[in-house]
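Student: I am new to this structure and would like a close look at a single part of it, followed outwards to whatever it touches. Please take your time and explain each term as you go.

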Amino acid sequence: QVQLVESGGGLVQAGGSLRLSCAASGSIFSINVMGWYRQVPGKQRELVAIINSGGTTNYADSVKGRFTISRDNAKNTVYLQMSSLKPEDTAVYYCSADQNGFLYWGQGTQVTVSL
């Protein structure tokens, strides 16, 4: 069992920055890929960024150049640095961890970008 605890969500003005953190705990063996997804009410949850244990990253086209995902393997923590935020970035952001093909999810944290 893996538990994911997110922090860092909140309200920010357009053009501002925000940093999300997600710490994994529990039976954390064999975790390779960690990442961030986001969801707007009425829409499907979508990939924001993922990173594997070797540091390889992948981003949604909509956030490339603005968001940076990173991880600290020693702390079992993944981060999402969000810059140049836009109102369309407003969503609930979910942390994820892949353990042998099984996806665990955090509870989600609200990010709201105002005009």
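Tutor: What follows starts from one residue and then moves to the strands and side-chain pairs around it.

The model is predicted, so to speak, on trust: local features need pLDDT of at least 70, side-chain atom pairs count only at pLDDT 80 or more, and totals for chains, interfaces and linings use all residues. Residues are numbered from 1 along each chain as its sequence is written, and side-chain values use heavy atoms, with hydrogens and water left out.

Let us begin with Ser96, which lies in strand E9, residues 91-99; strands (E, at least two residues) and helices (H or I, at least four) are DSSP runs, numbered from the N terminus. Ser96 has a relative accessible area of 3% and is therefore buried, where buried means under 20% relative accessible area, exposed means over 50% and partly exposed is in between, with a 1.4 Å probe and protein chains only. If its neighbours within four places in sequence are left aside, Ser96 is in contact with Leu4, Val33, Met34, Gly35, Trp36, Tyr37, Leu103, Tyr104 and Trp105, contact being heavy atoms within 4.5 Å. Gly65, by way of a further reference point, is 31 residues from Ser96 in sequence and 21 Å from it in space, C-alpha to C-alpha.

Several of these contacts lead on to other features, and Tyr37 and Trp105 can be taken together. The model has two aromatic pairs, counted when the ring centres of Phe, Tyr and Trp (its six-membered ring) lie within 6.5 Å, with planes under 30 degrees apart called stacked, over 60 edge-to-face and the rest tilted. In one of them, the rings of Tyr37 and Trp105 have centres 5.0 Å apart and planes at 75°, so this pair is edge-to-face. Because Tyr37 lies in strand E4 and Trp105 in strand E10 (residues 102-105), the pair ties together parts that are 68 residues apart in sequence. Tyr37 is buried at 18% relative accessibility, whereas Trp105 is partly exposed at 35%. The rings of Phe102 and Tyr104 are also edge-to-face, since their centres lie 4.8 Å apart and their planes stand at 65°; Tyr104, another contact of Ser96, is buried with a relative accessible area of 14%.

Leu4, also in contact with Ser96, leads to a sheet, for its bridge partner in E3 is Ala24. Strands E1 and E3 run antiparallel and are joined by six bridges, and two strands count as paired if DSSP finds at least two bridges between them. The open sheet to which they belong has four strands in the order E1-E3-E8-E7, with antiparallel pairing. Strand E1 (2-7) and E7 stand at its edges with a single partner strand each, so one side of each is left without a neighbour in the sheet. From one strand to the next the twist averages 15°, where axes are lines fitted to C-alpha atoms, for helices over the stretch in contact, and angles run from 0 to 180 degrees between N-to-C directions.

Strand E3 also has a covalent link. There is one disulfide, meaning a pair of cysteine sulfur atoms within 2.5 Å, and it joins Cys22 to Cys95 with an S to S distance of 2.0 Å. Since Cys22 lies in strand E3 and Cys95 in strand E9, the pair ties together parts that are 73 residues apart in sequence. The torsion about the S-S bond of Cys22 and Cys95 is about -85°, so the disulfide is left-handed, and both cysteines are buried.

Strand E4 brings us to charged side chains. The count is four salt bridges, each being a side-chain nitrogen of Lys or Arg within 4 Å of a carboxyl oxygen of Asp or Glu. Arg38 forms one with Glu46, the closest N and O atoms being 2.9 Å apart, and another with Asp89 at 3.0 Å. Because Arg38 lies in strand E4 and Asp89 in the loop between E8 and E9, this second pair ties together parts that are 51 residues apart in sequence. Arg38 is buried at 6% relative accessibility and Asp89 is buried at 1%, while Glu46 is partly exposed at 38%. Salt bridges that share partners join Arg38, Glu46, Arg66 and Asp89 into one network.
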